[in-house]
Every structure is written in C-alpha cells, then in structure tokens.
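Subject: Structure handover and findings

Hello,

Here is the structure I promised to pass on. Please open it alongside this note. My findings follow below.

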Amino acid sequence: MSSKRQHVECVNTKEKKKKKKTSEETAHLSAAVEDEEVKSAVKEAWSRKTHYSHGDVELDCHPFPHCIIKNFIRNETFVENLQRELMGLNFHEKSNDLYKFKQSDDLKKRTDPHITGLRSALFGRFRSWLGEVLDVELEPTVDISCARYEYTDVLLCHDDELEGRRVAFILYLVPPWQSSDGGTLDLYSTNSDFQPQSIVKSLVPSWNTLLLFEVSPVSFHQVSEVLSQDKCRLSMSGWFHGPSLERPPRHIEPPIPRNPHLPRDETLLLEWVNPVYLDISYQEQIQEEFEDSSEIQLKDFLKEEKFKQVSEALRRTEIQWMRRGPANKRYYDVASLETWPQCVSACWELLHSEAFFLLLSNFTGLRLHYLCPADDDDDDENKDEKTEKKEQGDGEATGSSTESIAAAAAATNKSKDSELSTPQCCGELRRWSHGGYTLLHDGEAARAEYALDLVLPFGCADWQSEFGGYTCYVANEEDEELLTVYPEDNSLALVYRDKETLKFVKHVNHKSCCDSASREFYDFSFVYYE
C-alpha cells in the first residue's frame, strides 16, 4: 500500500515538473535577428563604427555605438501579456544621489510564463546573436530587472561601468510616448579626458523596442526626468556580461583652490551679522549644541536689511552665470566673480574674513583661527588650565566677540609662526533651478577629509522639500542618509563631516516649475579646513 502511494506521489511530482516546464511561453524574436545577412552587416558596421539601417534594425555609432531593434518580439499578444505580468510585480522605491524610480526584484528566478520566456530568449538565442555581432564570448550570467519611471523619476548621468558588464540593454513597454513626456535616453559626447560634455542624442521610448549599447569609458547616458503626470515608463533592463573593454586611467579633477582668511576685522561682523550671534554667551550655547550633533542651523543669521539687499542683487540680470559640470559629478550654475554687485562681493568677503573664521571657531570649537586652543587643550585633564586661560583673556570665547577678534588680529603674526597649518576655505556662489544636482563620485571619496561645510541660502521663501535641492549627508559606500539640510532663507547651515562622510544635493525636479512659476534659489557654499 505504501509503495503504491509512493508511486502515485512520484507520478504527481513528475506531472508538476512537466507542467512547470511547459508553463514557459516562447518569445519569438524579430525576424531581423534570425537574418544572417543582417547579422553580418551589423557586425561589420559595429567593428567599423559606421551607421547601418535595415528594416527594424538600426546601428548608430554617435556618440558611441548603440543598436535599436523595433518590434523586438514578433507576437503582439506575448508583449501585452509580458507587460501585464510585469505590472503585477512588487516594486520598491529607489532613491539616492543618482536616481529616483521604482524597481522590481531581480527577475532571474521569476517563473511567470512570459517573463520566463523573454528571459530565455534574451540570454539564450539573442545572447548568441549579440556575441557573434561583437565577436566576443558573452557569459550566460542573467542580469535583468524591471523599472517603472513615473512623474519626476530620473536616472542621472553615468557610464554603467562595473566589472563584468559588457553590453547594456533596455526593452521598452510604454504607451504612446513623446519627447515632451520626458524619460528619454540621453547620450553624451565626451572630451579628451573621457568626461561627459553635452547631450547630443535623445532617444524616445517606443513600445516593444530593444535598445542596447556597449559599456565603455565613453558610454555616458541618462534617463531624463519623466514630465508626464499620467504615463508610466515601464522597461526591462540589464546587462550581458563578458570581458570588459580596456579603460584609460580615471580622470582626476583638480581641486578647487583654497585660500587663507582675508585680513578683515570685526567691523564686518558688526555690519552684517545679527547681533544675537555676536553675544559670547549665546556663542557658547551654540558651541555646546554643535559639539553634540556636529551640525546646526542659525536662523536669521544676517541682519534683515543686508539679507534683503543681497537677495535682490542676486536676481539682477547683469550677473553672469556659468554651468558647472561635468554631468557625471554635478550640474548647476555658478556666478562669475567679475559680474557680482557690490553687496554680493561684500557678503563673500565676510565669509572669507579673519573675523568670520574666528566667529566660526567660537560656534564650533574647531581650530579655524591661529589663536584657537589646540586639540589637547580640550582634554579633561587640561580643563582647569583652559578655564584659567579664558579668565585671563587668552581664549576667544570669553568677553565680547568683537574684543576677542581685535585681540586675535593683534597677535596673528606671532601665531602664524608657531602654527604648523593655516586654516583655509574655498567657496562658490551657486544658483539652483530645475535640473540642478550634485553626485557622489570616486574622486570625492578618495579626497574626503575633515571639514566644516557652510551653506547660506537666498531666495527660497516658497521652496518646498518635494522640489529637491536639499543637501544629503551619507556614510561612504552606504545608502542610508545621516543628515538632510533643507534650504531656508537666511539660515546659516554648519555641518562638520569626517573622512567617511560624503554629501550631495538632490536633483531639483519638475515640481519646482510645474505651475508655470519657474523657481530658483541661490546659496553661498563654503568649506573650511582646520
């Protein structure tokens, strides 16, 4: 009896396996892929980096080789069922410095009949076809997922390079789509340093169209922000793995020049800074709070009349703004120094001044001035000595701020001789509008060091957090955000970061201008080094 039951269970198991095996729907690919003459012609054109077009297949090599195959799957019903299966998947919100969209889990092990069928066709017959076209042996590694891009979703400029990736592909399953809907695949030209220069081609997504390109040092591209509020840009994408193309040495960007403070006394502080921040007892409170959290925002920092004066001046047409790139690192406007109105230059001078360096020292406890206590003065065993020195007027965080600055100025030369390093800063005046961002990148991580970041925004009274444009701090090689600083008018943001902390400005999205009011704001962005 038991042996009979075992036999029945065995038969049932075989039937289940058989059913599972036959549940896969076959994806019949474009006839062009089966055509030997087309394959030979694409192979020759790709090797020669020349243009080729025949029927549903087009190869273009500007700015880098990419191939488009329309009507990639022959059976329209298959494509519709594939779309239905994909829309039924669980999607996860993905958001960091580089992108914002919804992504499915890895499709490698999905058993849905049409997803399985397409996966088999892509990494079976089509992988063989592509390997012959490129004259390279592609690995059977399955690397594929599904992405949904909806309103304001974006994937910013990058080159896709990662060990093992040889060819990237995207299969579009979109409704009728126009360039005005956004979501185009933008291809960048590159300069002699292999850095992205400008968008030279934009490819509009099209139903049942496969696009693929070779991953290389110049394959910079982006998915432009989706502007349509009622369409979903659905696609399957991934990579065929194989031997990577040779990569030249990575370009190292020259750092922004740093400068020591300008020899300006406390007169600047009295002229520009809200008097409450010049009170030494209040400075001590600020320092206590800053030392606890390594960040602080000082609201109404500038005197109201000075803030209004600079805000109005920044909107003047005579200021020349220049786009700062490259797009794989940043995209925003910086003001040309020679065109600044006088009050803007004066504010810049304030942030560069010796008096301001000392004020920052009092706010943060950092050694941003020659007369600031050394680190070992902060040890518990030296607290009594430190207190005694302060009472004698040797420490700047005692008495009035202006008196301490005057004393510091008188002793600067002597201090310079005894100090091993000179506190320095670098900064720029930035304009943020739709499309602006900064990205984390390898060069920044390699050069990371202890520093104090300062941001002072103007013109963001009606700015909302959903617009983007805020600064995020993250731990190196981790996605979790440690801190987010939102732009706020006349609010001085100070953040002290260590070597393992990086920052980026989140992409300013279409919501900032969707009501026909094209919003923008400005900020002074400085970094101070001990």
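What percentage of the residues of the protein count as buried? Of its 530 residues, 51% do. Please keep in mind that this is a predicted model.

**Overall make-up**

The protein has 13 helices and 25 strands. Contacts reach far along the chain. Take those between residues at least 6 apart in sequence: 80% of them join residues at least 24 apart.

**Nonpolar cores**

The largest nonpolar core holds 48 residues. Within this core, F72, L82, L86 and F126 have the most contacts. Helix 5, residues 113–134, supplies the largest share, with 10 residues. A second core is separate and has 47 residues. Its members include L314, C347, A355 and F526. As background, nonpolar side chains tend to be buried together in soluble globular proteins.

F72 is worth a look on screen. Setting aside neighbours within four places in sequence, F72 contacts H28, L29, S30 and V33, among others. Its partners also include L118, L122 and F126. L171, N208 and L210 are on the list too.

**Cavities**

I found three cavities of 30 Å³ or more. The largest has a volume of about 140 Å³. Its lining comprises 22 residues. Nearest its centre lie V455, T471, V485, P487 and A493. Five strands each give two or more residues to this lining: strand 18 (424–432), strand 20 (451–458), strand 21 (471–475), strand 23 (492–497) and strand 25 (521–529). Which strand gives the most? Strand 20 does, with four residues. By type, the lining of the largest cavity divides into 14 nonpolar, four polar and four charged residues.

The second largest cavity holds about 60 Å³ of space. It is lined by D193, F194, Q195, P217 and the residues R247, P248, P249, R250 and H251. Four of these lining residues are nonpolar, two are polar and three are charged.

**Cis peptide bonds**

Two bonds to proline deserve a check. The peptide bond from H62 to P63 is cis, with omega near 0°. P63 sits in the loop between strand 2 (57–60) and strand 3 (66–69). The bond from G325 to P326 is also cis, again with omega near 0°. P326 belongs to the loop between strand 16 (321–324) and strand 17 (330–335).

**Around E253**

P326 comes up again here. E253 lies in the loop between strand 13 (233–241) and strand 14 (259–260). Is E253 buried or exposed? E253 counts as buried because its relative accessible area is 16%, under the 20% cut-off. Leaving out residues up to four places away in sequence, E253 touches G325, P326, K329, R330, H441 and R447. With one of these, R330, E253 also makes a side-chain to side-chain polar contact of 2.8 Å.

**Positive phi**

Two residues that are not glycines have a positive phi. N71 has a phi of about 50°. N71 is in the loop between strand 3 and helix 4 (76–87). D300 likewise has a positive phi of about 50°. The loop that holds D300 runs between strand 15 (295–298) and helix 8 (304–314). Both residues are partly exposed: the relative accessible area is 43% for N71 and 48% for D300.

**Around D105**

D105 lies in the loop between strand 5 (99–104) and helix 5. With a relative accessible area of 46%, D105 is partly exposed. Not counting residues up to four places away in sequence, D105 touches N90, H92 and S145. The side chains of D105 and H92 make a polar contact of 2.8 Å. D105 and I144 are 39 residues apart along the chain. Their C-alpha atoms are separated by 9.2 Å.

**Where to start**

I would begin with the two cis bonds, H62 to P63 and G325 to P326. Then move to E253 and its polar contact with R330. After that, turn to the largest cavity, with its 22 lining residues.

Best wishes

Technical notes:
Residues are numbered from 1 along each chain as its sequence is written. This is a predicted model: local features need pLDDT of at least 70, side-chain atom pairs count only at pLDDT 80 or more; totals for chains, interfaces and linings use all residues. Side-chain values use heavy atoms; hydrogens and water are left out. Buried means under 20% relative accessible area, exposed over 50%, partly exposed in between (1.4 Å probe, protein chains only). On a 1 Å grid over the protein atoms alone, a cavity is a set of points where a 1.4 Å probe fits but cannot get out, and a pocket is an open set with protein on both sides within 12 Å along at least five of seven lines; lining residues have an atom within 4 Å of a point. Grid points are joined across faces, edges and corners, and a volume is the space filled by probe spheres set on the points. Ala, Val, Leu, Ile, Met, Phe, Trp, Tyr, Cys and Pro count as nonpolar, Asp, Glu, Lys and Arg as charged, and the others, Gly among them, as polar. A polar contact is a pair of N or O atoms within 3.5 Å; within protein, one must be able to donate a hydrogen and the other to accept it, and residues adjacent in sequence count only if both atoms are side-chain atoms. Contact means heavy atoms within 4.5 Å. A nonpolar core is a set of buried Ala, Val, Leu, Ile, Met, Phe, Trp, Tyr and Cys residues joined through side-chain atoms within 4.5 Å.
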